[in-house]
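Me: I'd like a close look at one spot in this one, and then how the rest of the model hangs around it. Could you walk me through it?
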Amino acid sequence: MRADPDSSCRITVELPAQDDHFLQDIYHLVLELKLSDGSVDSADLLSRGSDTGIWDANDFLVLPEIGTHITLSVFADLGGDERQLVASKELYGPELCNESGEPVEILLNGHDYYVDMILKTKVVAVNPFTQNFGENMNDVNRIITQQHEEASVITDDHPDKPSRLNKLGVSLFTRFRRFGNLDDINNAVARLQEAINLTPDSHPDKPGLLSNLGTSLLARAKRLGNLNDTASAITHLQAAVNLTPDGHPDKPFRLNNLGLALHNRFDHLGDLDDIDSAIAQLQAADSLTPDGHPDKAIRSRNLGTFLVTRFERLGDLEDIDHAIARLQAADKLTPDGHPDRPSQLSNLGSALRTRFERFGNLDDIENSITQLHAAVDLTPDDHPHKPIRFNNLGISLLNRFKCLGNLDDISNAILRLQAAVDLAPNDHPEKPKWLSNLGSSLISRFKRIGDTSDLDDAIARLQVAVNLTPDGHPEKLYALKNLGNSLLTRFRRFGNLQDINNAVAKLQEAENLTPHGHPDNPNQLNNLGIALVTRFEHIGNLDDMENAVARLQEAVNHSPEDHPDKANRLSNLGTSLLARFEHLGNLSDIDDAIVQLQVAVNLALDDHPDKPAWLSNLGLSLQARFSRLGNPDDIDNSVARLQTAVNLTPDGHPEKPRWLNNLGISLFTRFERLGNLDDIETAVLQLHAAVDLTPDGHPDKRKWLTHLGTSL
C-alpha cells in the first residue's frame, strides 16, 4: 500500500448494517481496498454477534496516496473460494480519514438485494504535522512492531513479502515525519528498497513502490542535505512516472512528486534545467487534475511556488504573474479550517512580496502582509512550520519599512524574525537564512535609530549565518552579502579599517558566487561597488575607484528601467563618479555624476526613505561643479536640493547630521562667492546643529567641528 508523505494514516473499521437480517447466518466478512492499478489491501471483518450488526476489522488498512482512486468493497466469505459482493463505494483516498480524529462515515451502496451499509473509520495516526498524531503513538508503535513481525515471518519468495515490506516502510516514514528520528527514515528507505528488489518491473505495484521509495529518499535528502539521496529520489520518481500509463489516475500524483524532487536539486545546484523540468512536471500534474479534485489546490500551490523560484532566478515577468494567479487559485480552493490553509496563505503572501520587490507596487506589499499575518495566526505554536511563517511575515514588514519608514514595521519585523530563529533548532537547514534576515533587519533599524547595539547584534548573527551555511549552498552568497554590508555600515560608524577590508572581501566572495544572469547579480555588483568607493575615500587606492565605477555601471546597465532599485543604483554610480572627479578632476565625470543623480531623484517619490540621501548626493555634485566652473545656477540648485534633503529627514534620523553638515557647507560656499550674509548665518546654524546631533566618538564629529570652525 502506498502513502502520500503529507496524508498517510491508518484506520480501523466498524461496519454496522442498517438491516442485518440477511447476514444473520454469516459471521465472516472481508473489507477490501482496491487501487486503480489493481493492487489490493484487505482486512477480515468479524461480527460482534448476530444481534449487533457490527463488524470489526482485525487489521489496519493504510490510506493510499492523496487523490488515488480506490474501491472499497465488503464481501461475504461463503467458504472455500466462494464469496459474494455485499456493498461497495468508489472514492478518493482522503475521504477515508479525518485529521481532526473524529470518525468518518462513508455510505457503501448495497449490491443486488443487500441494503446500503455505513462504513466508519477511526484515525489511528494522521498527518505527521498534526497534534493528533502524538496522542496515538502507542498505536503507531504497536502497528510498526506488528508489521515488522509480519514481514519477517515470510520468505522473500512469498508473494505478500513486497506488500508487507512496503507497509512497514510507509509506517516508518510517517513516524520519521513526525519525530525526525533518523533511524526511522533509514529503515524506511531500506525496507522500501527491499520491496522494490523483490518486485518485477511488470508487476502493477512497481510504480507505487518506486514512488514511495523516491518520496522517502527525498525526505532524507531534505533532512541531511545529501545530494546523492536527491539524485536517487529523482531516479526512482522518474521511473514511477515512466511506468505509469497516461490516463492512470495516479499519474498526476507521481508527476507532482517528481517535480518536488527536481526543485529540491535546483535549490542546491542552481541548474536551470532542473527548475524548468520541475515546472513542466507540475504543469502536467495540474492540467491532469480536474476541478473539484481534492489535490487541485496543493498542485496549483506547488506550481505557483516553482514559478516564483524561476522568476527569482531569471526575472521573467510572466512567471511571477502566473505564479500569483496559481497561488490565488489554490487559496480559493482551500476552505477555512483546512489544515493546508496557512501554507496556502504563506506561499501567496511570499509571492506578492517578491513581485513588490521587483515593481514596488504598495498594494502588493500590503496584501502580502495581510496574507502572512493570517498564516501566522492560523498556525499552532508547536507546528514545525511556525518559524518559516514568522520569517516570511518579518521579511514583508522589513520591506514595507524600507519603503515607508514606519518604525512600528521594523520593530515588528525584528520581533517576528527573532521568533523564527528562537523556534528553530540549531541543525535546522533554514536557520542560517533566518539569522541572516534577522541581522539585516537589525542593520535597517540601526540606520534609522543609530543604536550601536543593533549593529553589533546584527554582525554577530550574520557571522553565525555564514558559518552555518555550507560551501556550495545557494544561500551562501546572500549570507556573505548581508555580512559584508553590515561590516561596511560599522566601518562608516567607527572607521576601523579592518571592517572595510573584511566588507570588501565578503562582498567580493558573494559576487564570485553569483552566476552570470542571476537576477541578484546587479545587487551584488552594486554592493561591492559601494564598498570599494568607501575604501577608496579612506585609503586613496585608484584601483578601488576604477573597479567601483565599473561594477556600479554594470549594476545600472543590468537593472530594468522599472526596477524599484534602479534609483538607488543610479545614485551610487553618480556618487562614485563624483569621488573620481574630486580625485582626478575630469569634467566628464562630474557631468555624468549629476545626470545619474538627477535621474535617481526624479524616479523617487517624496516619501521614499532614501530620497534625502539621493538629494544630498545630487546637491554635493552640483556644489563640486560650481567650485570648478563657477556657474551660479549650480550652487543655487545645490542649496535647494540639500535643503529639501534636510526637510524630508525626520528628527532623530541618524543621517540628519550629515545632511545638515552638507547643507551648511553649500551655504558657506555660496557666501564665499556671493557674499550674502544670510547664507553665512544660516550655514553656521546648520553646521552647529550637525555637531550637536552627533554623539561623541562618532568618526565624523571631528570633521564637522572643523567645518563649523571654518564658518565662524
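In which helix is Gln-463 found?

Reply: Gln-463 is found in helix H16, residues 452-468 (helices are DSSP runs of H or I, at least four residues, numbered from the N terminus). Before going on: this is a predicted model, where local features need pLDDT of at least 70 and side-chain atom pairs count only at pLDDT 80 or more, while totals for chains, interfaces and linings use all residues. Residues are numbered from 1 along each chain as its sequence is written, and side-chain values use heavy atoms, with hydrogens and water left out.

With a relative accessible area of 31%, Gln-463 counts as partly exposed, because that label sits between buried (under 20%) and exposed (over 50%), using a 1.4 Å probe and protein chains only. Its C-alpha is 9.5 Å from that of Pro-432, though the two are 31 residues apart along the chain.

As for the inside, the largest nonpolar core (buried Ala, Val, Leu, Ile, Met, Phe, Trp, Tyr and Cys joined through side-chain atoms within 4.5 Å) has 74 residues, and Ile-590 is one of those with the most contacts inside it. Leaving out neighbours within four places in sequence, Ile-590 is in contact (heavy atoms within 4.5 Å) with Leu-578, Phe-581, Ser-621, Ala-624 and Arg-625. Another core lies apart, with 38 residues including Leu-210 and Phe-306.

On confidence, pLDDT (the predictor's score per residue, from 0 to 100) averages 84, and 82% of the residues reach at least 70. Residues 1-13 fall below 50, yet have 82 contacts beyond near neighbours in sequence. Where pLDDT is low, predicted coordinates shouldn't be read in detail.

Conventions:
Helix = DSSP H or I, 4+ residues; strand = E, 2+ residues; numbered from the N terminus.
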